[in-house]
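Here is a short briefing to read alongside the model. Keep the viewer open and follow the residues as they come up.

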Amino acid sequence: MADFLMILSEAAGAAGEAHADPTAFGLNATVWVSIAMLAFLSILVWKKVPAMIGASLDKKIAEISKQLGEAEQLRLDAESLKAEYEAKLADAAKEADELRARAESEAEALVAKAKGDATALIARRKQMAEDRIAAAEANAVAEVRAAAAKAATDAAAALIAAKHDAGADKALIDQAIAAVAKS
């Protein structure tokens with residue numbers, strides 16, 4: 001196999017020395033490729049392909065600029081909404097603090113009123129109890145006085161009945177009449 005490779009390399013070396021560049025109408029391949037490129041570029045310019053590419057790029061640039069403007073406007077809107085909601089949140093927190101303070105003051109007022117009402121109720125009940133006790137005392141004193149008066153009257157009647165007879169009664173009546181006559 002080494003012999004075969006050697007033969008090929010010798011053939012390639014011999015062919016390379018005898019090889020000549022092809023030409024057509026006296027122009028080599030490089031000139032023909034250059035002419036084809038010039039023709040291709042001329043057709044592109046003639047068909048206004050660079051202008052179409054430029055217009056397409058300008059359109060894309062305008063579209064991207066429009067999207068950037070919309071994004072900027074959306075960002076500004078979002079920032080304004082954020083500021084608005086932060087202000088609302090601050091107002092809500094302030095209002096919540098005011099409500100809590102108002103509720104605390106109302107609770108304190110209710111507690112103070114309840115204490116005052118309880119004190120007044122206790123005072124009224126105490127006064128009612130004292131009034132009942134005083135009424136019971138007055139009733140008891142009246143009952144004792146009535147019982148004492150009845151006992152005294154009964155005792156006096158018994159004494160008078162025991163010590164006085166009809167003659168003594170007549171003397172007393174005469175004295176009472178004389179006392180009335182003098183007056």
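Six salt bridges are present in this structure, which is a predicted model. Side chains of opposite charge can pair when their charged atoms come close. The points below walk through some of these pairs, then turn to a nonpolar patch, the stretch around Lys 48, and the confidence of the prediction.

**Salt bridge of Arg 75 and Glu 72**

- Arg 75 pairs with Glu 72, and their closest N and O atoms are 2.3 Å apart.
- Both residues belong to helix 3, which covers residues 49-163. They sit three residues apart, about one turn of the helix.
- Arg 75 has a relative accessibility of 39%, so it counts as partly exposed.
- Glu 72 is also partly exposed, because its relative accessibility is 36% and the class runs between 20% and 50%.
- The pair belongs to a wider arrangement: salt bridges link Glu 72, Arg 75 and Glu 79 in a network.

**Salt bridge of Lys 113 and Asp 117**

- Further along the chain, Lys 113 and Asp 117 join their side chains in a salt bridge, with 3.4 Å from N to O.
- Helix 3 holds both Lys 113 and Asp 117, and they are four residues apart, about one turn of the helix.
- With a relative accessible area of 53%, Lys 113 is over the 50% cut-off and therefore exposed.
- Its partner Asp 117 has a relative accessible area of 43%, so Asp 117 is partly exposed.

**Salt bridge of Lys 150 and Asp 154**

- Lys 150 and Asp 154 form a salt bridge as well, at 3.5 Å from N to O.
- About one helical turn separates Lys 150 from Asp 154, because they are four residues apart in helix 3.
- Lys 150 is exposed, since its relative accessible area is 52%.
- Asp 154 counts as partly exposed, with 43% relative accessibility.

**A nonpolar patch on the surface**

- Which residues make the nonpolar surface patch? They are Phe 25, Val 31, Trp 32 and Ile 35, and the patch has an area of about 420 Å².
- One of these, Ile 35, is found in helix 2, which runs over residues 29-46.
- Ile 35 is partly exposed, as its relative accessibility is 37%.

**Helix 2 and the loop after it**

- How far apart are the end C-alpha atoms of helix 2? They are 25 Å apart, which agrees with the 26 Å that its 18 residues should span at 1.5 Å a residue.
- Just after helix 2 comes Lys 48, with a positive phi of about 60°. This is a positive value in a residue other than glycine.
- Lys 48 is part of the loop between helix 2 and helix 3.
- The side of exposure is clear for Lys 48 too: at 56% relative accessibility, Lys 48 counts as exposed.

**Confidence of the prediction**

- Across the protein, pLDDT averages 85, and 88% of the residues score at least 70.
- Confidence is highest in helix 3, at a mean of 90. Helix 3 is also where you will find the Arg 75 and Glu 72 pair, the Lys 113 and Asp 117 pair, and the Lys 150 and Asp 154 pair.
- Helix 1, residues 2-18, is where confidence is lowest, with a mean of 58.

Definitions and conventions
Residues are numbered from 1 along each chain as its sequence is written. This is a predicted model: local features need pLDDT of at least 70, side-chain atom pairs count only at pLDDT 80 or more; totals for chains, interfaces and linings use all residues. Side-chain values use heavy atoms; hydrogens and water are left out. A salt bridge is a side-chain nitrogen of Lys or Arg within 4 Å of a carboxyl oxygen of Asp or Glu. Helices (H or I, at least four residues) and strands (E, at least two) are DSSP runs, numbered from the N terminus. Buried means under 20% relative accessible area, exposed over 50%, partly exposed in between (1.4 Å probe, protein chains only). Patches are made of residues with over 30% relative accessible area and no salt bridge: like charges are joined within 9 Å, nonpolar side chains (Val, Leu, Ile, Met, Phe, Trp, Tyr) within 5 Å. Accessible areas come from the Shrake-Rupley method with a 1.4 Å probe; for residues, only the protein chains shown count as cover. pLDDT is the predictor's confidence in each residue, from 0 to 100. The expected span of a helix is 1.5 Å times one less than its number of residues.
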